[in-house]
Amino acid sequence: MPQHIRKYWGKQHGRQLLNFNWGAINANSIVHVAASEYLPVTDPDAHGGFVDQNHQRFIGAANVTVSNIAPHGAPWDPNNGVTFVVNVDWPSPIYIVTDITVFDEGPVEIQN
């Protein structure tokens, strides 16, 4: 079964190189990363009053994209995890959350 982790990064702006170390990921893992804005629970009146116990994810006016997803681990890196780029196209920092998914099986085939 795939495994998922949700990571709240706080306020981000522009091109951000982010890393999340996680023992479930290795250099050959297949990893997917999705990103969106979120409203922290501490600010329940912003963005129309969306609020829940785990912060409220929403689609705002900012373009938020993920690219350059690079799983890492032995033998090239002593830390297992994933590094990726989140680009936040907005004039000021906004709250960003990612959902990171690692799939159990590696590639069925690797071609050069």
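## Three-stranded sheet

In this predicted model, 3 strands make up an open sheet with antiparallel pairing, in the order 2-6-5. Strand 2 (14-21) and strand 5 (63-72) are the edges; each has a single partner strand, so one side of each lacks a neighbour in the sheet. Neighbouring strands here are turned against each other by 20° on average, direction ignored.

Strand 5 is joined to strand 6 (residues 81-89) by 8 bridges, and the two run antiparallel. Within this pairing, Val-66 lies opposite Val-86 of strand 6.

## Four-stranded sheet

An open sheet of 4 strands has the order 1-7-3-4, again with antiparallel pairing. Its edge strands are strand 1 (3-12) and strand 4 (56-58), each of which pairs on one side only. From one strand to the next, the twist averages 40°.

Between strand 3 (residues 31-39) and strand 4 there are 3 bridges, and these strands run antiparallel. Glu-37 has Phe-58 in strand 4 as its bridge partner.

## Surroundings of Thr-98

Thr-98 belongs to strand 7 (residues 94-102). Its relative accessibility is 1%, and buried means under 20%, so Thr-98 counts as buried. The Thr-98 side chain makes a polar contact with the side chain of Trp-9, at 2.7 Å.

Apart from neighbours within four places in sequence, the residues in contact with Thr-98 are Ile-5, Arg-6, Lys-7, Trp-9, Val-33, Ala-34, Ala-35, Phe-84 and Val-86. Val-86, listed among these contacts, is also the residue that stands opposite Val-66.

Terms used
Residues are numbered from 1 along each chain as its sequence is written. This is a predicted model: local features need pLDDT of at least 70, side-chain atom pairs count only at pLDDT 80 or more; totals for chains, interfaces and linings use all residues. Side-chain values use heavy atoms; hydrogens and water are left out. Two strands pair if DSSP finds at least two bridges between them. Axes are lines fitted to C-alpha atoms, for helices over the stretch in contact, and angles run from 0 to 180 degrees between N-to-C directions. Buried means under 20% relative accessible area, exposed over 50%, partly exposed in between (1.4 Å probe, protein chains only). A polar contact is a pair of N or O atoms within 3.5 Å; within protein, one must be able to donate a hydrogen and the other to accept it, and residues adjacent in sequence count only if both atoms are side-chain atoms. Contact means heavy atoms within 4.5 Å.
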